[in-house]
Amino acid sequence: MSKTRYKNQKESNEAIAKAYIENNYTNSQNKLLLVSKANYGKRSSNVCYSAVDDKGMNFYEFNNNAEQNLMLIERYEWADFSSVTIDHSIAKSVFTFVGHGENRDITIEVKGKEVEQVIRNHSSMEVNVVKRPVWTKVLGYRSQTTWKMFMASTVYTLILLFILHPLLPAATHNFIMGLALLILFLSIIGLFVGLIKPKWVLPKFKIKTRKRVLFSYLYLIISCFFIAVAFTDGESTSTPASTQVSSSQNSVTVSSKKDGADSSKQKVEKNDSDKTAKEEKRQKAEEQAAKEEAKQKAEEQAAKEEVKQKAKEQAAKEEAKQKAEEQAAKEEAERNAQEQAAKEEAERNAQEQAAKEEAERKAQQQAASQQATTSSSTSNSGNYKPFENDPSDDQQSNMSCSGQIKGNKNSKIYHVPGGAYYDRTQDNIVWFCSEADAQAAGYRESQR
């Protein structure tokens, strides 16, 4: 009775809230489109209702003990928000409104897709719907919490088992039980192996952790255990029925007793053969697991060998590169040494050439001086007076004597043939037939 009264009271509260909201919108310029129960978060501990209109959304708080059961607590205008992100699940929809101020998170129950349609039709907001697989919307998987998904998977498996058990024929019970035991055995092995090396038993999972191994293989172990127990009980419950049938037949004739004994013997033989088949399957599964483990080890060893080989090749390449660099540096040093030797040889030749030219010049000066002295001493008639040329002419004009001495009228310095400034002196020239004539005229000899 209490549950019925609560249900009726709940329905009457919703009816009261809806009637109040419709009455409140009677004189409003906004058009009321739908009313839905909402969750306003921690701001209100009471039940809230959302009234969605063409320009925004009103939120009302319902308080059954107050004089006014429904009270408007806040309004959202569509124009105040630029975008909204919607996450739909089976029982509710979470709306995250993004605007210039603080973001708003609102949970709409039951009518989330209708509210989404209103926002698309009556606002300019950018609507982003969270896309996720259908199974994440199922109860127990929405939070993506590991232990919740583990419990939900176990419960759903048991429900499915109890639904399928009476629908499956009895002939398949032994096969299903054997398959469940085999998977149970392999799951136990996989659990122990996975706790050591998770990647070996989680080939298709992106996140390969021991926690995932524990929950995944515990789920398999528990599920296979319940399946084996369920189908074993089914087999044992069918045995008394067959016994009653055989006992009723024994009361009729002796031959029927024989047939019953033969059938029971066949059953025993069948059970023995089933056990043998199960044992063979178990052995094959163990052999397969051992082969896979050996294959995995061989692949790891091959990968290590490949890494070592690559390291050796890299070291050889670096060594060859270093030798090539050393050889190039050595050749560069030899080339620089040869160039330095060639420069020194060229400088030495240049110095020798300069020394040779200096010796030749001195020899010429000595010869010219001796010739001038001889000509001045042996000449009895001649012009011993200096004579001048045109200032821009450095050639001898007076042919009465072979003047070889060139004097500078301004500096009072004379130059002999072969001197350093003999050819350079070109202006203000005074010619002398000998050095004695130049000295007699007041000129002094050039130092070079």
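This predicted model holds 11 aromatic pairs. Take Tyr49 and Phe62: their ring centres sit 6.3 Å apart with the planes at 80°, so this pair counts as edge-to-face. The two rings bring together distant parts of the chain, with Tyr49 coming from strand S2 (residues 47-53) and Phe62 from strand S3, 13 residues apart. Both Tyr49 and Phe62 are buried.

There's also an aromatic cluster, made up of Phe59, Tyr76, Trp78, Phe81, Phe95 and Phe97. Some of those names come back when we turn to the nonpolar cores. The largest core has 19 residues, and the members touching the most others are Trp78, Val84, Phe95, Phe97, Val115 and Ile119. Who supplies this core? Strands S1 (32-39), S3 (56-62), S5 (81-88), S6 (92-99) and S7 (104-109), along with helix H2 (112-122), each give two or more residues to it. Apart from this core lies another one of 14 residues, including Met177, Leu191, Cys224 and Phe231.

Trp78 deserves a closer look. Setting aside neighbours within four places in sequence, Trp78 contacts a list of residues that includes Val52, Asp53, Gly56, Met57, Phe97, Val118, Ile119 and Met125.

Now for the charges. The count of salt bridges comes to 12, and here are three of them:

| Salt bridge | N to O distance | Relative accessible areas |
|---|---|---|
| Glu77 and Arg75 | 2.7 Å | Glu77 29%, Arg75 24% |
| Lys323 and Glu319 | 3.8 Å | Lys323 52%, Glu319 45% |
| Glu358 and Arg361 | 2.1 Å | Glu358 32%, Arg361 22% |

Glu77 and Arg75 also belong to a salt-bridge network with Asp53. That same Asp53 is on the contact list of Trp78. The other two bridges sit in helix H7 (residues 254-378): Lys323 and Glu319 are four residues apart there, about one turn of the helix, while Glu358 and Arg361 are three residues apart, again about one turn. Lys323 is exposed at 52%, because the exposed class begins over 50%. Glu319, at 45%, is partly exposed.

Two positively charged side chains lie over aromatic faces. Arg282 is over Phe185, at 5.9 Å from the ring centre, and Lys406 is over Tyr422, at 4.6 Å.

Finally, the whole chain. It has eight helices and 13 strands, and 25% of its 448 residues are buried. Of the contacts with a separation of 6 or more, 51% involve residues 24 or more positions apart. The chain exposes about 30,600 Å², with carbon and sulfur atoms supplying 54% of that.

Conventions. Residues are numbered from 1 along each chain as its sequence is written. This is a predicted model: local features need pLDDT of at least 70, side-chain atom pairs count only at pLDDT 80 or more; totals for chains, interfaces and linings use all residues. Side-chain values use heavy atoms; hydrogens and water are left out. Buried means under 20% relative accessible area, exposed over 50%, partly exposed in between (1.4 Å probe, protein chains only). Contact means heavy atoms within 4.5 Å. Accessible areas come from the Shrake-Rupley method with a 1.4 Å probe; for residues, only the protein chains shown count as cover. A nonpolar core is a set of buried Ala, Val, Leu, Ile, Met, Phe, Trp, Tyr and Cys residues joined through side-chain atoms within 4.5 Å. Rings of Phe, Tyr and Trp (its six-membered ring) pair if their centres lie within 6.5 Å; planes under 30 degrees apart count as stacked, over 60 as edge-to-face and the rest as tilted. A charge sits over a ring if NZ of Lys or CZ of Arg is within 6 Å of the ring centre and within 35 degrees of the ring normal. A salt bridge is a side-chain nitrogen of Lys or Arg within 4 Å of a carboxyl oxygen of Asp or Glu.
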